[in-house]
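Reader: I'm new to this one, so could you walk me slowly through a single part of it? I'd like to see how one pair of helices sits together, and then anything else worth a look.

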Amino acid sequence: MHIDGAWQPSDGGARLDVINPANGAVISTIADASLTDVDRAVAAARAAFERNDWACLQPNARGQLLWRIAEAIEAHADEFARLECLDNGKPMLAARRGDVPGAADTFRYFAGWCTKITGQTMQVSRPGQTFAYTLREPLGVVAAIVPWNFPLLMAAWKLAPALAAGCTVVLKPAEDTSLTALRLAEVMADCGLPAGVVNVITGRGASVGAALTRHPGVDKVAFTGSTQIGKEIIAAAAGNLKKLTLELGGKSPTLILPDADLAKAIPAAAMGIFHNAGQVCAAGSRLYVHADIFDQVTEGIIQRARAMRSGPGEVPTTELGPLVSQRHRERVHGYVASGMAGGAQLLTGGARGEGEGYFYEPTILTGTTQDMSIVREEIFGPVLVAERFNDLDEAVQRANDSDFGLSATVWTTNLGLAHGLARRLEAGTIRVNTGGGTDPNQPFGGTKQSGWGREFGEEGLLEYMQTKSVLMTL
């Protein structure tokens, strides 16, 4: 692990196997941190914050360092992509074209914010001559806990704004996918990041992650993961009233209206659920199509699903990699089996892939009801439920009938109608006539049980800062 600028083993010497999900082979081992290691990492981050050599570094110097990190990620792009492929299972080309440049762009974007953090002066209604203003200050020590579906990218989403704000960080990658976080720690140190500003500890979420969330030395937790774990973090944070940013689960709807451009909507709807083998929090896992075009749309998505080439991520032609683990594949299959047992009709897929590795076929189900688990719960796999509608109000009601509210997508050429739907749909991000993806300048986050707070944009930066009011009688 990387603690206080140095590589250190776990206190008890425990280690975890690193598994390649494409074939089940052990490719490495990582340290399994103890509670003592958590204390050491938090103490290092606290000492680095209190030294003020990071938070009080000139803003332009802090921005330049973040920019160097972005350039270093790009310089090592092939290495990061290969690590992501071997550790997570995703196609290497997808990592090389999406995850790695996305991580670099995130650091570059927040590098620009370092010189743009401001407070305000204001008039107050007090007797005498009074000067009142506000300061924006970093929160302190951040525990950044990231998931296994986009390991490098999610680490950048947490690290870049926290560092731009002047915070110090303990980064806890997912136990299944820790390799790129460890390599990133090395790259950041080589770029000149002071010791203790970013510490990376690896290990089990149930022990290491839980210890971080309740640690009294942590001022904020930034977490991406399941809604259930998010609720546990809320309870753990009560000990010292930690600030929280929680980017949690989703069950995002896609609405395709009868006037939609189907040449674009059909492939986008397919990739909205099958990209990264469906292991995406904002995946378009619920599809509502007008009855007039339902058969045409579903047939198009079925053809795309059956044509997708699955295999190891190192193979250039691979479009669909494996799921992250055997445990997760069984979970995904359990949802599909439950839906079919409840009366859902299988249009394609529904089976584990052949051969080695944790592959699962792209799957489409119809004939579902709103109370089914495959409609209501996040499956986090390449599983789409598709239903027809006749009345748009009914479609909106069904789209909003969810505990989640992360994302929603609309396909229509009627932009007046699209603007109205953007207001009516209950989600943090509404996409119209476009597929997935994010931009660092646009806030991202959810409503309802999809989380608290926002990442990206100025809102994402301010999640790592606090406002101090100063009132002065002259």
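Author: Let's start with H1 and H7, keeping in mind that this is a predicted model. These two helices are oblique to each other, and that is because they pack at an angle of about 45°. Their axes lie 10 Å apart, with H1 covering residues 35-51 and H7 covering residues 205-214. The crossing of H1 past H7 is right-handed. If you want to find the contact yourself, look on the H1 side for Leu35, Val38 and Val42, which meet Ser207, Val208, Ala211, Leu212 and Arg214 of H7. Sorted by character, the residues of this contact are six nonpolar, one polar and one charged.

Now on to the strands. There's an open sheet of seven strands here, in the order E14-E15-E16-E13-E12-E18-E19, and its pairing is mixed. E14 (345-348) and E19 (429-432) are at the edges with a single partner strand each, so one side of each has no neighbour in the sheet. From one strand to the next, the twist averages 25°.

Further in, find E13, residues 286-290, which runs parallel to E12 and is joined to that strand by four bridges. Arg286 in E13 is the bridge partner of Pro253. E13 also pairs with E16 (residues 383-389), again in the parallel sense, over five bridges. There, Tyr288 has Glu387 of E16 as its bridge partner.

Last, take E12 itself, residues 253-256: Pro253 and Leu255 point one way, Thr254 and Ile256 point the other way, and all are buried. In a regular strand, side chains alternate between the two faces of the sheet.

Conventions:
Residues are numbered from 1 along each chain as its sequence is written. This is a predicted model: local features need pLDDT of at least 70, side-chain atom pairs count only at pLDDT 80 or more; totals for chains, interfaces and linings use all residues. Side-chain values use heavy atoms; hydrogens and water are left out. Axes are lines fitted to C-alpha atoms, for helices over the stretch in contact, and angles run from 0 to 180 degrees between N-to-C directions. Angles under 35 degrees count as roughly parallel, over 145 as roughly antiparallel, 65 to 115 as roughly perpendicular and the rest as oblique. A crossing is left-handed if the near helix is turned anticlockwise from the far one by less than a right angle, and right-handed if clockwise. Contact means heavy atoms within 4.5 Å. Ala, Val, Leu, Ile, Met, Phe, Trp, Tyr, Cys and Pro count as nonpolar, Asp, Glu, Lys and Arg as charged, and the others, Gly among them, as polar. Buried means under 20% relative accessible area, exposed over 50%, partly exposed in between (1.4 Å probe, protein chains only). Two strands pair if DSSP finds at least two bridges between them.
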